[in-house]
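Trainee: Got a minute to go through this one with me? I'd like to know what backs up the labels people put on it.
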Amino acid sequence: MYSDFAARLASSIWPDFGDTPARSTETPEITGLSTVVVDGNFPWTIVRLETDAGVTGIGEAYPSPGVHEVITDYFEPVLVGENPLDVERLYHLMRESLSGRGSQQGIGTIAISGIELALWDAAGKILEQPVYQLLGGKTREEVRMYADCHAGEGMVESALNDQPDETYEADAYARAARAAVDDGYEIVKFDLDVPSGRDIDTLARHFDRPEIEHKRGLVEAVTDEVGDEAEVAVDLHWNFSVEATEKLCKALEPYDLAWIEDPLPPENADALATLNRSVEQPLLTGENRYGRHGFRDLVEEEAVSFVAPDIPKTGGIAETKKIAELADTYYLTMSPHNIGSPVATMAGVHVGATVPNFLALEFHARDVPWWDDLVARDEPLIRDGYIEVPDEPGLGIELDWDVVDEHRKA
């Protein structure tokens, strides 16, 4: 439907990005784009980028409706015939070809992000170099992962199927924390925007004293269980007001949390900066921000201590590195959000390998027993809470397509 329109728009609105710079040697070309959705604890959208060099780049786009159509119907005609080694130019070409139709945020940027990951993987394979090397080299040999433990023993699928109230009790949180720490994770995170068993008006974004006591009890159970073995972070999922979060933070001060994530709705950096100046705990946000321009106000207003871009959502690998560099000018730390498959996770590993102000990458799939089976290798990717930075070309992994097909979403 959009193929002719997309190709014409890409070459007319910003023609400089549509001109392939000349090279003295023969260059590879992109021959096709496709996607497959894997039915994990989220619908993982895997991107395949084919080239005439016999190399297939793999990427991943953040789970979103309509992304497949944007990639295959719109961007494929823009990119076929282009040189996959020109990652930066093609990133801008995609943005400009979608200018006025969502290239700055939302589904358009998510589609661009998934393709950008696949471009880096293809470029690394063609040049026989790992992605981290193409980004400037490693600053560390392994990348720390942190375990998102959701809500106690509650996982995404069970939450959709009348999850029992016991899931949200302090003992369940403590058991989940112990299991993650015993697996080697040095940072564990839990949801605090969970039912307390009381009937309250959640629309008001307000905590009364019993609600605060419920949240405090969950945190106390986890921190008592893990002691100094691990740091503990909590996630509020943008659900509360400045007033409510200030009171909650005051109650949680004795527990020395690693961070409090997404306490306020994501749009207002001024409100977040006000909160950040009034509480003792470090704040983290960023999964709903797009590109370095989307992080500029957070950084310049020093609204948080940690930035958390989502790599297959915010613009891709190179854009995430630029966000980290922007944050570093204010001495802020990056800890990326990640709910993806091994593909998105390894993209985060390569960013983490190259960025000095990187703390840890989220792992959100401990409840998916076949997560490692998606990768064509015998050993698990995560060992004792870390992933070794691979030296193989591209992202450093290949998918087992039989396993992908087995879990393919219909």
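**Labels and their reasons**

Mentor: Let's start with helix α15, which is mostly covered: 13 of its 13 residues are buried. Keep in mind that this is a predicted model.

Trainee: What makes a residue of α15 count as buried?

Mentor: Buried means under 20% relative accessible area, and 13 of the 13 residues in α15 are buried.

Trainee: How do you know what span is expected for α15 (residues 342-354)?

Mentor: The expected span is 1.5 Å times one less than the number of residues. With 13 residues, α15 has an expected 18 Å, and its first and last C-alpha atoms are 19 Å apart, which is close.

Trainee: Why is strand β5 said to be largely enclosed by the rest of the structure?

Mentor: Five of the five residues in β5 (residues 187-191) are buried, so the label fits. Ile187, Lys189 and Asp191 are buried on one side, and Val188 and Phe190 are buried on the other.

Trainee: What makes β5 and strand β6 a pair?

Mentor: Pairing takes at least two bridges, and β5 and β6 (residues 231-235) have five, in the parallel sense. Aspartate 191 stands opposite aspartate 235 there. Strand β4 (residues 142-148) also pairs with β5 in the parallel sense, over two bridges, and alanine 147 has valine 188 as its bridge partner.

Trainee: Which helix joins β5 and β6 in a right-handed β-α-β unit?

Mentor: That's helix α9 (residues 209-226). Right-handed means that, with the strands pointing away from you, the path from the first strand over the helix to the second runs clockwise.

Key:
Residues are numbered from 1 along each chain as its sequence is written. This is a predicted model: local features need pLDDT of at least 70, side-chain atom pairs count only at pLDDT 80 or more; totals for chains, interfaces and linings use all residues. Side-chain values use heavy atoms; hydrogens and water are left out. Buried means under 20% relative accessible area, exposed over 50%, partly exposed in between (1.4 Å probe, protein chains only). Helices (H or I, at least four residues) and strands (E, at least two) are DSSP runs, numbered from the N terminus.
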